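Colleague: I would like a close look at a single part of this structure, followed outward to whatever surrounds it. Please take it step by step.

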Amino acid sequence: MLKYVIKRVLMVLPVMIGVSIIVFSLMRVFSPDPAPIVLGQHANEESMQAWREANGLNDPVVTQYFAYISGALKGDLGTSYYTKSAVTDEIFARFPATIELAVAAIVFASIIGIGLGVMAAVKKNSIFDAAGSLFALVGVSIPIFWLGILFIMFFSGFLHWFPSGGRIDVLLKPAEVTGFYMIDALIAGDGEAFSNALNHLILPALALGMYSMAIITRMTRSSMLETLGQDYIRTARAKGITETKVIAKHALRPSLIPVTTVIGLQFGSLLGGALLTESVFSWPGIGKFTVDCILKSDFPVVQGIVLLVAVIFVTINLVADLAYAYLDPRIKYSSKKER
Amino acid sequence: MSEWNQSSLDEVPTMGSESQKADETFAMGIALPDGEIPVPDYDETLHEKPENQWLEMWRSLRANRAALVSLIFIVFLVLVAILGPYLTPYNPIETDMSSALQTPSAQHWFGTDQLGMDIFSRVIAGTRVSLTVGLLAVSIALTTGIILGAIAGYAGGWVDTVIMRVMDMMLAIPSILLAITLMAALGKGIDKAVIAIGLVSIPEYARIVRGNILSIKENDYIAAAHVVGLSDARIIFRHVLPNALSVIIVRATLGISSAILDTAALGFLGLGVQPPQPEWGDMLGRARGFIFQAPHTLLYPGMAITATVLAFNLLGDGLRDALDPRARIK
C-alpha cells in the first residue's frame, strides 16, 4: 500500500510539468500575437514592440518558460495584460464563487443521485427504476447550458421562485471574510443575506450538478444491484433481518465505495462544467472569467487558471485513487490497467 | 421514450437474480435498455464466442427497443443532414428584421429569431453541422487514439510510459477547458472546433485500445503470429486490432454524443461556428438575451441537441450491452 501511495504521488509531478508545458506552448507558441488585440488595432508597431518587450514576449520561448515556472513555484503567475494586477489576485478574487458553486452542485448531485440510485436498485423494474434510468439517461444527454436556460425560463421567469443570475443582491452582500458568501453571511449573523445567497445558488448548482447526478445515479444503482446479488445479503435475509435493515446496514456501505470515487472524479469535471454554467447564470466565478480572458487573449490569466484547475483535478484524482485503494483492499494495482 | 421503459417493465421476469436474466442474450437486450452496468457474475459458458460477432451483436441490438429506435432516429438525422437544403422552407441564413422574434406559427413552425431568421430552417440546417463535426472529431480522436494506443500497448516499455504519461497530462485538464484553450490558440471557427474537440478526446481512445491490446497480446495466436515471422505492423492491424474493434465502436458511438455536446458548448460560448452559419449551440448563445422576451428561440435548438445526443447515447449503450454484458461504463 505504501509503495503504491508513493508511486502514485510521484506520478503527479511529471504530469504537472507536462501540463505546464502544454499550456505554455499553447498560449505562447501557437497562439496569435496578443499585442494587437491587447493594445487595439490602431497601435503602432513601436508601441507594440515596447509592449512585447515589457511583457518578456521577445525572449526565447525556453527562457520565457523557465521564467514562468520559477515564478510559479514562488507563487507568482505573472500579471494580467489588461488590469496589470497579479494573476493570483485575479484568480483568488473569483475562485471562492466557483468553489461554492461546485461544492453545492456535488452535494446536490450526491444526495439526489445516491437516493435515486438506491431506490432504483431496491425497487428494480418498478416505476422508480424506470424513472431513475430515464433521469440518468437524460441527465447525461442534455447540454448543461441549455438546462440552465430552461431552469431560468421556468423557475425564474414563470414561477418567480429564484433569481435568474448573480450570487447575491448587491445590498445584502456580507463583509468578505472567506469569499464564500454563505459562510460570510453566517459569520456576520445575517440570516437574510444567507437565504438570499442560497436562493441564488440553487438553480446554477442544480444545473451544474445534473450530469454528475446522472452518473452517480447509474453508478449507485449498478453497484447496489451487484451488492444485493451477493451471498452474504442472501444470508442476512435468510436470518430474518428486515429488508430495510439489510439495505441500510449491509448493502449500502459496500455499494458506496465505487460511488465515492466517482463523486471525487465528478467534482473535478464540475470545474469544466462551471465554464458554461457560470456564463448562463452570470455567476461571477472563474469559469466565466476564463472565457472572457480567452476571448481577449489575456494569456497569463488563462495559463494561471488552467494550471490551477489541473492541480486541483490531479489532486482530486490522486485522493480518489488513494481512497479507493484504502476502502477496497482487494484492488490489485499491479494488474489494474484501466478503470 | 416511455415506451421502452414500459417494455422493460413488462417483459423482464421480475423473479430471479441478475445473473439468470443475463443468461439469455434476448432477455438481456431488453433488460438493460438504460445502459446500466450489468452485474458481472454470470456463467461464462453461456457466452461462448459466436461464429460471427457482428451478427450476434445485431441480433441482440435488435431486441433492444430503445437502441433500435435510436438507430432509426440517427438514420433519420443523417437523411436530414444530407437532404437539409431541400427540406428547409426558408433560407436558414436569410435575415428579415421586419419579422424578428415571431412566435411559432403556420408560416414559421418554430418561430423566428432575433434577426428574423426561420428557426425551423436553422435547426434543420444545423443538423448537418452537428453530425459532421461529431463524426469528424471522433474520426480524428479515433485514428490518433488507435495508433497511439496500439503502439503503447504493443511496444510496452518506455514508449508505453511516454505515450500514456502524455495522455495523463491531457486528462489532467477538464476536456472543455482544454478545448477552449486550444480554440484560443487556433482561433475561432468550426474547422478549429473539430480539431480541438478531436484532440481532447484522443486519450480516451488511446487508453481503451491500449488496455485491449495488452490483454489480446497474451493470446497464443499472437505468439504464433510472431513465430511465423509476421511483421509487428501486420500483427497489430490484422490480428490484434480487429479483436478490439467492437469495443472501439461502442466507445466511438458514445464519443459522437460527447463531441456533439462539446460542439454545442463551444458554439454557445461563441467560439464555434461563426454566424450566420446555423449551429445549435451558437443559436442558443446568441438568443440568450431574449430568454424572457422570446423563449421559443431557445427551445428548439436545445431540443435538437438533446434528442441527438440522447439517440447516440442510447445506441452506444445498446451496442455495449449487445457486445458484452459485463462491459463497464468508461
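Modeller: This is a predicted model, and the part I would take is helix H7 of chain B together with its surroundings. What covers the buried residues of H7(B) includes helix H1 (2-30) of chain A, and from chain B itself helix H6 (119-155), helix H8 (175-186), helix H9 (190-200) and helix H10 (202-217). The residues of H7(B) that are buried are Asp160(B), Ile163(B), Met164(B), Met167(B), Asp168(B), Met169(B) and Met170(B). As for its length, H7(B) runs over residues 157-171, and because 15 residues at 1.5 Å a residue should span 21 Å, the 21 Å between its end C-alpha atoms agrees with expectation.

Since the cover includes a helix of chain A, the contact of the two chains comes next. Chain B gives 62 residues to that contact and chain A gives 60 residues. Between them the chains bury about 5,200 Å², of which 74% lies on carbon and sulfur atoms. The count of salt bridges between chain B and chain A is one, and in it the side chains of Arg218(A) and Asp317(B) meet at 2.7 Å, N to O. Four residue pairs, with both residues at pLDDT 80 or more, are found in polar contact across this interface. On the side of chain B that touches chain A, the elements that give two or more residues are helix H1 (2-11), helix H2 (18-23), H7, H8, H10, helix H12 (232-268) and helix H14 (296-323) of chain B. The largest share of that side, 12 residues, comes from H14(B). By kind, the residues on the side of chain B that touches chain A divide into 40 nonpolar, eight polar and 14 charged.

H14(B) can be described in the same terms as H7(B). H14(B) has 28 residues and reaches 41 Å from its first C-alpha to its last, close to the 40 Å expected at 1.5 Å a residue. H14(B) is also mostly covered, with 24 of its 28 residues buried.

Finally, helix H1 of chain A, which is among the elements covering H7(B), holds Ser20(A). Ser20(A) has a relative accessible area of 7%, which is under 20%, and therefore counts as buried. A polar atom of the Ser20(A) side chain lies 2.6 Å from the backbone oxygen of Ile17(A). Leaving aside neighbours within four places in sequence, Ser20(A) is in contact with Tyr65(A), Ile69(A) and Leu307(A).

Technical notes:
Residues numbered from 1 in each chain as written. Chains lettered and ligands numbered in written order. Predicted model: local features only at pLDDT ≥ 70, side-chain atom pairs only at ≥ 80, totals over all residues. Heavy atoms only, no water. Helix = DSSP H or I, 4+ residues; strand = E, 2+ residues; numbered from the N terminus. Expected span 1.5 Å × (residues − 1). Buried < 20%, exposed > 50% of the residue type's maximum accessible area, 1.4 Å probe, protein only. Contact = heavy atoms within 4.5 Å. Buried area = accessible area lost by both parts, 1.4 Å probe. Salt bridge = Lys/Arg side-chain N within 4 Å of Asp/Glu carboxyl O. Polar contact = N/O pair within 3.5 Å; in protein donor to acceptor, adjacent residues only side chain to side chain. Nonpolar A, V, L, I, M, F, W, Y, C, P; charged D, E, K, R; others polar.
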